[in-house]
Amino acid sequence: MQNIFFQLFIILFTIVRVYSEEIYPDPLSSNDFYSLIKDGNLHLIEFYSPYCSYCNHLAPTWKKTWEKAQEINLLANYNVTLDRVNCIENGDLCYDEKIDYFPSFRLYGPSGFIKYYPEDDKKTVNEFLKFVKQASKDKTNFQEKGQKDKSLALTELAFNELLNDPNLNHPYLISFWPTKQLISTDDDIDFENCYECLPFQRSWNLLSNTLDEKNIKTAHVNCESAVNLCKAMGYKDLTEIKNHRGDRMAKVALLVPGRPHSKNKVIRYNEEYFTDYLKVKDFAIRGVENAKVPDFNSNYISNYPVIDVTSYFEPESTDLESFVIYVNDRLDESDDQLLDSLIEVVSNAERTTLYKANVEDFYAAMGPELENFYGKYYNDKEYTFKDLIQLKLSTNLPAIYYIQKGQIKTSIFPVKKSLSNDKFTKGVQKWLNLFNIPLLTDITSWKFSKLMNYDKSNHRFILTELVDTSLIGVDKEIDSKLQKYHELQNIYEIEVDNWYLRQNSLPEGQEQRKIAIGKLRDKRKAGLITTFLDISEAKSFATRNGLVSSSRQYEIGDVIIIDRASGYVYNSYNDGESISVTNTNKILHALLSAQFSIPADTKFAGRLLGSPFPGPLKFMDTIHQYGVFGYITILVLIALLWNLKRILKLTKRPASVSNGIQKDGKYY
């Protein structure tokens, strides 16, 4: 009887479990597909073939992603679903959607196809979910396709007329396409060897309507018709196909009315992959302002070192601006050529705006802001705020300053007017690439390898906080930890300034003191790169890259620190406590101790990044960090020790015989 009851219990439990779980849905039919994409939500859809081996290999991952989506209620919380289409059963649908390889992952919304899942992104549960969560933040993805394209089709003659029009009133954002058939960018065109042209058509439609409201006109050029123009613009690959296996990209340029003493100007957009509507919109709006090169004043930087760091996660936040400011003793027409050459370079730096200022106005704007901020954290009266401000700003003029909202750090590019225009712009471009990094960087596999090789001389440490990105802006405790993590960067910057001033005796005379601080600034190299990693990806990503131990449990707010000078990665202190933003003072003291070799009770404890040795053999890390040279040195030392007795015997000299008595050829 007990056995019968037990069997009934198992049957009932199984029934309840089956019905309580979501059932993995069948692939969409054509009718299902067209109904689904009109429901007002976003849909990441896999187009596959059952005869594709990679599709079959990926099928369990896609199913796990779908199951995880049900678990976190992706539809209710993000308005996104995950679906699939069998292209063998729905050949006409896949033909109409221009599916030319399997598996193909595409994002759809109320307006239809939006964009591809990035080819460079890994096809894992976490990466798929991160992609759709990010897509749900862009409200334009939820717009219905209703507005007609307002872009003007330009011939080569019409373009040249606009370029040479002395009374040009409006800026024009112009796109260049690898076709001769595009009358309206809403046209259904089969672009040859242009993978991103299809999603960019949708972006261009949005841009033509949004920018029109901001008095920026849009136009487009068929490069297979306007061959000479496109070649002159540097877009030769759009005029004809020379490599049928290579991919091409539509291009964008901004035509702006000339400033006084200059002609109308074309600013080319140099982003390699730019189908992102928000990025192109940002380029157009900033490019128009940059072309005017407005005067810099305090209104632009009010309270600039302090921002709400959660704004980093808002797609169109204005809190993440950066400023490039050309400063000279006195601005005149001789500076115009340099300013003109800066416009395109700065416009291609994301969220960065160009200004000009004479030195008095610049100090009048920056001085009070820096003094305000220093006053909150700096208590040492040995050095004045003026000394600290000089350390941030003092240099020979003319110079170009880079300042980012949320950071007290400044970077300076000294201008040499003797340089050719080409060398000058290349130098500024290289300098901006070094310092124009986001306030917080979402660390991914390709970004990690890039950051590890990035400007080691100025940025020794990479810090990574573990966060739950889905709760940012929702959970106040998580937001508070992220804010403290951000503030750590600025406090560290102040302490570094303080250390440099303490280590160097400064002359009393005002001018001599200013010169000494300027030289000190040139020697100052101690920056941080702050990144974040979603805690759901911490184990897979961080373990794969040798950052953490697979056996350890990590918590939100934990911090991983990479010292690129020594090659070590730190997860804890020498007392065994985990590194966490709950105690930023402890992180600060340990960072300063490592940076300047200051004796301290609190130090980091860690392992060599990517060490092949298990815990008991971690003493071998010291040898491994020197590579082949380290192992050769150890082998030589072992060989010397092994043969020490023989070496000593060989080097032992016989007793002196010079004073002996010779008898029968022998000495006695």
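**Exercise 1. Locating P103 and its peptide bond**

Task: In this predicted model, find which loop holds P103, and find what kind of peptide bond joins F102 and P103.

Solution:
- Step 1. Look for the two elements on either side: P103 sits in the loop that runs between α5 (91–96) and β3 (104–109).
- Step 2. Now look at the bond itself. F102 and P103 are joined by a cis peptide bond, with omega at about -15 degrees.

**Exercise 2. Another proline, and an asparagine**

Task: Find the loop in which P398 lies and the value of omega for the bond between L397 and P398. Then find the sign of phi at N193.

Solution:
- Step 1. P398 belongs to the loop between α13 and β12.
- Step 2. The bond between L397 and P398 is a cis peptide bond, and its omega is about 0 degrees.
- Step 3. Move to the loop between β6 (172–177) and α8, where you will find N193. Phi of N193 is near 55 degrees, which is a positive value in a residue other than glycine.

**Exercise 3. How α8 meets α10**

Task: Describe the packing of helix α8 (residues 197–210) against helix α10 (residues 277–292). Which residues make the contact?

Solution:
- Step 1. Recall what you need: a pair of packed helices is described by the angle between their axes and the distance between the axes.
- Step 2. For α8 and α10 the angle is about 40 degrees and the axes are 9 Å apart. With that angle, α8 is oblique to α10.
- Step 3. Add the handedness: α8 and α10 make a right-handed crossing.
- Step 4. List the partners. From α8 come F200, S203, L206, L207 and T210, while α10 supplies Y277, V280 and K281.
- Step 5. Sort the contact of α8 with α10 by class: five residues are nonpolar, two are polar and one is charged.

**Exercise 4. How α11 meets α14**

Task: Do the same for helix α11 (residues 336–347) and α14. How many charged residues does their contact have?

Solution:
- Step 1. The axes of α11 and α14 come within 10 Å and cross at roughly 40 degrees. That angle makes α11 oblique to α14.
- Step 2. The crossing of α11 past α14 is right-handed.
- Step 3. On the α11 side, the contact uses L338, S341, L342, V345 and V346; on the α14 side, it uses N421, F424, T425, V428, Q429 and L432.
- Step 4. Sorted by class, the contact of α11 with α14 holds seven nonpolar and four polar residues, and no charged ones.

**Exercise 5. How α12 meets α13**

Task: Work out the geometry of helix α12 (residues 359–377) against α13. Is their crossing left-handed or right-handed?

Solution:
- Step 1. The axes of α12 and α13 lie 10 Å apart, at an angle of about 120 degrees.
- Step 2. Name the arrangement. Angles of 65 to 115 degrees count as roughly perpendicular and those over 145 as roughly antiparallel; the angle here makes α12 oblique to α13.
- Step 3. The crossing of α12 and α13 is right-handed.
- Step 4. Among the α12 residues that meet α13 are F362, Y363, M366 and L370, and among their α13 partners are F385, L388 and I389.
- Step 5. The contact of α12 with α13 divides into nine nonpolar, three polar and two charged residues.

**Exercise 6. Exploring the second largest pocket**

Task: Which element gives the most to the lining of the second largest pocket?

Solution:
- Step 1. Begin with the space: the second largest pocket holds about 810 Å³.
- Step 2. Find its lining. There are 30 lining residues, and the closest to the centre are S411, I412, P414, R521 and D522.
- Step 3. Two or more lining residues come from each of α13 (385–393), β13 (410–414), α14 (421–435) and α17 (510–523).
- Step 4. α17 gives the most to this lining, with seven residues.
- Step 5. By class, the lining of the second largest pocket has nine nonpolar, ten polar and eleven charged residues.

**Exercise 7. Looking into the largest cavity**

Task: Which residues are closest to the centre of the largest cavity, and which strand gives the most to its lining?

Solution:
- Step 1. The count of cavities of 30 Å³ or more comes to three. The largest cavity has about 100 Å³ of space.
- Step 2. Of the 16 residues lining the largest cavity, Q404, Q407, K409, F435 and I437 are the closest to its centre.
- Step 3. β12 (399–404), β13 and β16 (527–534) are the elements that give two or more residues to this lining. β16 gives the most, with three residues.
- Step 4. The lining of the largest cavity divides into seven nonpolar, eight polar and one charged.

Technical notes: Residues numbered from 1 in each chain as written. Predicted model: local features only at pLDDT ≥ 70, side-chain atom pairs only at ≥ 80, totals over all residues. Heavy atoms only, no water. Axes fitted to C-alpha atoms, helices over the stretch in contact; angles between N-to-C directions. Helix = DSSP H or I, 4+ residues; strand = E, 2+ residues; numbered from the N terminus. Parallel < 35°, antiparallel > 145°, perpendicular 65-115°, else oblique. Left-handed = near helix turned anticlockwise from the far one by under 90°. Contact = heavy atoms within 4.5 Å. Nonpolar A, V, L, I, M, F, W, Y, C, P; charged D, E, K, R; others polar. 1 Å grid on protein atoms, 1.4 Å probe; cavity = no way out; pocket = protein on both sides within 12 Å on 5 of 7 lines; lining within 4 Å. Points joined across faces, edges and corners; volume = space filled by probe spheres on them.
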